[in-house]
Amino acid sequence: MSEIKLVFTGSLGAGKTTAISTISEIPVINTDVATTDKAAQRKEMTTVALDYGELSLDETQKLKLYGTPGQERFEYMWPILIKGALGLIILVDHASADPLSDLALFVRYFKPYIEETATVIGVTRTDLGVEHNMQAYHDYLQKQDLQLPVFTIDARNREHVIIMIQALTAMVEFA
């Protein structure tokens with residue numbers, strides 16, 4: 001069986017752990033601990049090392065799903081987790097104080113990787129009454145000379161997460 005490694009990254013609270021849990025066929029392995037810093041107080045738990053789940057595509061292919069910590073202070077894990085990945089999913093919490101800055105952080109950090117392989121953007125929490133302006137994400141990416149698909153998703157919705165992964169795997173197949 002061939003295995004494909006995908007990495008979910010993005011800001012604190014964007015839904016990385018939730019997305020992986022939504023589609024994983026195995027109980028998700030995570031390193032969540034109680035939050036202690038003020039920046040993370042809107043969440044009770046935060047990932048400090050990784051999340052891991054699996055999803056079979058068919059009898060011959062399995063997706064290995066890794067989630068990075070969202071807090072920048074745990075960025076030492078990002079290069080470890082991205083190594084060998086065939087795709088990257090960046091999740092952005094649309095309800096955060098500055099979602100475009102959050103996206104910019106991850107695009108800046110992962111830009112060398114983004115330029116080499118398939119990447120998609122998932123914008124979460126658009127249902128929380130915050131103005132729904134998806135064009136701002138496209139405009140930001142265009143300024144970075146990146147043409148990446150941007151999806152509005154609910155990380156709790158299996159179909160939403162699967163559609164992002166299908167887009168990502170199609171990009172890998174045609175690369």
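This is a short walk through the structure shown above, from its strands to its cores. Keep in mind that the model is predicted.

Let us start with strand 1, which covers residues 2-10. Strand 1 runs parallel to strand 4, and seven bridges join the two. Strand 1 also pairs with strand 5, again in the parallel sense, this time over five bridges. A good residue to look at here is Val-7, which belongs to strand 1. Opposite Val-7 you will find Tyr-66 of strand 4, and Val-7 also stands opposite Leu-88 in strand 5. Val-7 and Tyr-66 are 59 residues apart along the chain, yet their C-alpha atoms are separated by 4.8 Å.

Is Val-7 buried or exposed? Val-7 counts as buried because its relative accessibility is 1%, and the cut-off for buried is under 20%. Setting aside neighbours within four places in sequence, Val-7 is in contact with Tyr-66, Thr-68, Leu-81, Ile-82, Ala-85, Gly-87, Leu-88 and Ile-89.

Now turn to the partners of strand 1. Strand 4 spans residues 61-67, and five of its seven residues are buried, so strand 4 is largely enclosed by the rest of the structure. In strand 5, seven of the seven residues are buried, so this strand too is largely enclosed by the rest of the structure. The residues of strand 5 point in two directions: Gly-87, Ile-89, Leu-91 and Asp-93 go one way, while Leu-88, Ile-90 and Val-92 go the other. Both sets are buried.

Strand 5 has a further partner in strand 6, which runs parallel to strand 5 and is joined to it by seven bridges. Within this pairing, Asp-93 stands opposite Thr-124 of strand 6. Add helix 3 to these two strands and you have a right-handed β-α-β unit.

What does the largest nonpolar core look like in numbers, and which residues have the most contacts inside it? This core has 28 residues, and those with the most contacts inside it are Leu-88, Ile-90, Leu-103, Val-107, Ile-114, Ile-121 and Leu-141. The elements that give two or more residues to this core are helix 2 (78-82), strand 5 (87-93), helix 3, strand 6 (118-124) and helix 4 (135-143). Helix 3 gives the most, with eight residues.

Ile-90 shows how such contacts are spread along the chain. Beyond its neighbours within four places in sequence, Ile-90 touches Thr-9, Leu-103, Phe-106, Val-107, Ile-114, Thr-119, Val-120, Ile-121 and Gly-122. Apart from the largest nonpolar core lies another core of 20 residues, including Leu-55, Leu-63, Val-120 and Met-164.

Helix 3 deserves one more stop, at Leu-105. Helix 3 spans residues 99-114, and Leu-105 is found there. Leu-105 is buried because its relative accessible area is 17%, and the cut-off is under 20%. Leaving aside neighbours within four places in sequence, Leu-105 is in contact with Glu-72 and Trp-78. Glu-72 is 33 residues away from Leu-105 in sequence, and their C-alpha atoms are 8.8 Å apart in space.

Our last stop is helix 1, made of residues 16-23. Helix 1 is mostly covered, with six of its eight residues buried. Those buried residues are Lys-16, Thr-17, Ala-19, Ile-20, Thr-22 and Ile-23.

Technical notes
Residues numbered from 1 in each chain as written. Predicted model: local features only at pLDDT ≥ 70, side-chain atom pairs only at ≥ 80, totals over all residues. Heavy atoms only, no water. Helix = DSSP H or I, 4+ residues; strand = E, 2+ residues; numbered from the N terminus. Buried < 20%, exposed > 50% of the residue type's maximum accessible area, 1.4 Å probe, protein only. Contact = heavy atoms within 4.5 Å. Core = buried A, V, L, I, M, F, W, Y, C linked by side-chain atoms within 4.5 Å. Pairing = 2+ DSSP bridges. Right-handed = clockwise from strand over helix to strand, strands pointing away.
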